[in-house]
Structures are given as C-alpha cells and as structure tokens.
Amino acid sequence: MIDAATTWHQATAALATGEYDSAFDVLEHAMNEASKDVRARLALYLGSMHTLYGDAATEPLGAALQEARTLNPALRSDPLYQALSAELDARTRGPDAAAPPPLATGAADPLARYHAICALALSERQQEALDVTLASTELPEHLRWRLRSWQADAQEQLGHTQDAVLLYAEAAHLAQGVDRATMLQEQAALLIQQGQPENAKTVLDQARPLYPQRPGEDEALGLATWHYLRAQALLNLNQPDAAFDMIREADRLEREHGDPSYGVSLVRGQILTQLGRQEEALEAFADALKLAGDADRPYANHELGVALLDLDRPVEAREKLEAVLNEPEYPYHPEVLADIAECDYRLGRLQEAQLEAEQALAQGAVVPASLVLGSVAMDYFQLDDALEHYERVIREAAPDSRDWITGHQMAADVMAQQGFPNPAAAYAHAQQALASTPESDDWHVTLQDHLRKAEAMMEQGGAPGGRMLN
C-alpha cells in the first residue's frame, strides 16, 4: 500500500542530492498506484516540488492544486493546501495577493509554514514572513537553504543589510554545488553594497570552484553574475584593468547564453570611466539606458549625465540629469543636484551653480557640491572661501579617490595664489596630490613648482611676517 508520508520522504531524499527527475518519478509512480485520498495528498507534495522552479512553475502548481481538491474537496481547509494556494496567488498577483490565513502561518506542518513564508515574501509582506516561526531543521534538506534565502531577501528588502549578509552565509552553508555558489554571490553583492569589496572578493573566491568546467546555460548565467560581481569588487579596490577583464567575460557569457543585461553594461561604463576611456564609457552607459527597466533608468541616466560632463558636454549632461531629478524615488537627488550645479558652472551660470551647489551641500552631497562651490569661489577670487571648500573635500572624500586628489591639487593652488601663508600646509597638499598625479598630467609640473616654492619658504622661516616652523 502506498503511504503519502513515506513517498514524500523518498522524494525529499532524492531532492537532497539534487536528483530532481528521480524525485518527480517517485511521486508520479506512487500517484499511479495510490488510493484516491493518498493521491490527493501527493498532489500537494507535487505542487510543493513545482515551486522549486519559481515563477515558471505557476501553471503546474495550479494544476496540482486543482487535482488535489478534485480528488479530495476536504483538502481546501488543509494548511498545506492553503499555503500553496497563497503562494500561487502571490506569484500571480504580487502585493495585491491575499495573505495566507493563520491556519497556514501557524500550522503544525513545517512544510505549510514554509510555503506561507514564501507567499508572504512574494506579496511584499517581509516583516510578516520573518515573524513566522520555523527552524531550518524542521524542513527537508532541500528546503533548508531556501528558507534562509527567503529570510535573507526579506531582511534585505527591509534595509537590514547585515542581517541579510549573515542569512545568506547560512544559506550557503546549507546548500550544495551551484546553489551554494548562488548564495555566496548574494552575500558578496551585499558586501559590495556595504563598502566591503575585500570581503566580497574572499566570498567570491569560495564560489568560483563550485561551477562545473562545462557549465550548462543556467550555470553559465550564474557564472556571468560571478564575473559581474568580481568586476565590481575589483573596481572598488582600484583595480580597473583586472575589473575590465572580469566585466568583459561577464558580457561574453551573457551574450552566449542569454541576453545582455543593464547591470553589466552599467559596470562596464563605470570601469571605462575609471580607465579614462570616456567615449567608450558613454557608449556603455547608453547601452545600459536602453536595457534599463523603469526602476533602473534613473541610475543609467545619472551615469550617462556624469559621463557627458566628463566629456565637457554640459548641455546634454544637464538634460539627462534633469530627467533623474524628476524621479521622486531616486535616492541620490543631492548628488544629481550637485552635478547639475557643475553643468551650470561650465555653462558660465555662476549664480545658478552656487545656489544649486549650496542646496546639494545642505542635502548631504558634501564632496561634489564643495567642488563646485570651490570653483565658483575661485572665479570670484574669494580664495579663503575656496580653500575652505577644498579642505572639506579632502576631509570627506575617500583617500586616493579622484575627488580627494582634486581637493589636494586645488588646495595647494589656492595657497600658492594666496602667497603661501602656510607653506607647510601648501607643501603637504602639493606632496599628497603629486603622489597620485601622473607625469603626463599638466598638474604635475604645477604641483612640482608649488612644492619647490613652499619648501623654499619653509627654509626661510615661513611666509613674510610668519613665524618659524618647529
């Protein structure tokens, strides 16, 4: 006699080792021989297995639920049936779906609670999903890492990034093979977002060996994501040449096994920008804009606007940036306002540029706004104000970043125009900037001149009327 619990146990044993076809064979063979009521229960288990394929399983999940209630109408009140129905509704209608009933979220059956969590997460009820009590050890092995993945995603959507990082790490520990690589990559993506590229690189090192030498299509696309994330980590570690190799391979894998993506085009543009290949960067950002969905379009337009600014095309840049400013949900409005101020400065609209930069500074875009305010103050020959803005840039910008170098260059230049009132400070700024300025840059000669003059003044005891240095 076919027993539903025993059959399900046999199927989950196969799923634990990744033998999906065998698991389906076990259930389908049992359904051919089982009694009507047992077949109804097995239909629910079959529906649970279909959910492993995500949204692609919507139709077979609906068919499994229909078969279950046709064979046994009383199953409509079963917690697992209700949880699976709620998940189907959530996959179909998203946030408009009804929440699973308490009978499902508080069920004795852990499988029902698992699918209730899926339904809640899919319908954007993240906190409710996290509030459902379920230990991973209550579930079959193939669902344990998936539970942690759902919980990690819920924490991420709620903005609890560190909690999400830890949950993805646990999911990776519970998963195997390419599933484990996927969880490690999710963890790495959040570490990059948190500004921890070195840790992200370490996590990605663990993921790479988990891919087979000859990946299938889905695995190849996962490998494309690995290269994309690796490129971001290397870019953030100021290794643009190595990052470019990675993003080029990500692009190749996508084109060979799927379609070009917005993210890869965007990161390619960012890398090319850092390499100083501005025209190519512009093309990459334009590609990203074509591929962007509604939520991503402001990001692509912002990058495109900045790239156009780098090419000294402020009119076109301003058009792109204004489009971003009209997107109320875009989180970097202060930075966009600072970039628009830069456009207006280059167009000779000093008053407009100053007003926009002051607003951007007040809203938190300290570095880009201060650079514009420094430029405006220089044009008005307000050297004390200019120096204050550039010293703010140095304090707030990331060390060795382009803005940080610019801050030191301009601070040294302002002090030179002031007649070196503090030659030691001018020497320090020139020295810091010179260390990061290539000899081919026009600034290199200027900074060497500032360095020599400041050094000479220090040897003479400082500026006229100044005091001797210790």
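A pocket, as the word is used here, is an open set of grid points with protein on both sides within 12 Å along at least five of seven lines. With that in hand, here's a quick tour of this structure, which is a predicted model. The chain has 25 helices and zero strands. Its radius of gyration is 29 Å, well over the 23 Å that the globule rule gives for 470 residues, so the chain is more spread out than a compact globule. Below you'll find the overall build, one pocket, some salt bridges and a few loop residues.

**Overall build**

- Picture a box of roughly 105 × 45 × 40 Å, taken along the principal axes: that's what the C-alpha atoms of the chain fill.
- Of the 470 residues, 49% count as buried.
- Take the contacts between residues at least 6 apart in sequence, and 55% of them turn out to join residues at least 24 apart.

**The second largest pocket**

- The second largest pocket has a volume of about 280 Å³.
- It has 17 lining residues, and the closest to the pocket's centre are Leu 15, Ala 16, Trp 145, Gln 176 and Asp 179.
- Three helices each supply at least two residues of this lining: α1 (4-16), α9 (141-157) and α11 (177-193).
- Helix α9 gives the most, with five residues.
- As for chemistry, the lining divides into seven nonpolar, five polar and five charged residues.

**Gly 18 and His 142**

- Gly 18 has its place in the loop between α1 and α2 (20-33).
- With a relative accessible area of 42%, Gly 18 is partly exposed, because that value falls between the 20% limit for buried and the 50% limit for exposed.
- Gly 18 and His 142 are 124 residues apart along the chain, yet their C-alpha atoms are separated by 8.1 Å.

**Salt bridges in helix α14**

- The count for the whole model comes to 27 salt bridges.
- One of them joins the side chains of Glu 249 and Arg 252, at 2.7 Å from N to O.
- Both of those residues lie in helix α14 (residues 240-257), three residues apart, or about one turn of the helix.
- Glu 249 is partly exposed, with a relative accessible area of 23%, and Arg 252 is partly exposed too, at 38%.
- Asp 251 and Arg 255 also meet in a salt bridge, at 2.9 Å from N to O.
- This pair sits in helix α14 as well, with the two residues four apart, again about one turn of the helix.
- Is Asp 251 buried or exposed? At 15% relative accessibility, Asp 251 counts as buried, because buried means under 20%.
- Its partner Arg 255 is partly exposed, with a relative accessible area of 48%.

**Salt bridges further along the chain**

- The side chains of Glu 316 and Arg 313 meet in a salt bridge, at 2.9 Å from N to O.
- Glu 316 is partly exposed, with a relative accessible area of 36%, and Arg 313 counts as partly exposed at 29%.
- Which residues are linked in a network of salt bridges? They are Arg 318, Glu 322, Asp 344, Arg 349 and Glu 356.

**Two loop residues with a positive phi**

- Glu 124 has a positive phi of about 65°, although it is not a glycine.
- You'll find Glu 124 in the loop between α7 (110-122) and α8 (126-131).
- Glu 124 counts as exposed at 52% relative accessibility, because exposed means over 50%.
- Phe 381 has a positive phi as well, of about 60°, and is not a glycine either.
- Look for Phe 381 in the loop between α21 (366-379) and α22 (383-396).
- Phe 381 is exposed, with a relative accessible area of 56%.

Conventions:
Residues are numbered from 1 along each chain as its sequence is written. This is a predicted model: local features need pLDDT of at least 70, side-chain atom pairs count only at pLDDT 80 or more; totals for chains, interfaces and linings use all residues. Side-chain values use heavy atoms; hydrogens and water are left out. On a 1 Å grid over the protein atoms alone, a cavity is a set of points where a 1.4 Å probe fits but cannot get out, and a pocket is an open set with protein on both sides within 12 Å along at least five of seven lines; lining residues have an atom within 4 Å of a point. Grid points are joined across faces, edges and corners, and a volume is the space filled by probe spheres set on the points. Ala, Val, Leu, Ile, Met, Phe, Trp, Tyr, Cys and Pro count as nonpolar, Asp, Glu, Lys and Arg as charged, and the others, Gly among them, as polar. A salt bridge is a side-chain nitrogen of Lys or Arg within 4 Å of a carboxyl oxygen of Asp or Glu. Buried means under 20% relative accessible area, exposed over 50%, partly exposed in between (1.4 Å probe, protein chains only). The radius of gyration is taken over C-alpha atoms; the globule rule is 2.2 Å times the number of residues to the power 0.38. Contact means heavy atoms within 4.5 Å.
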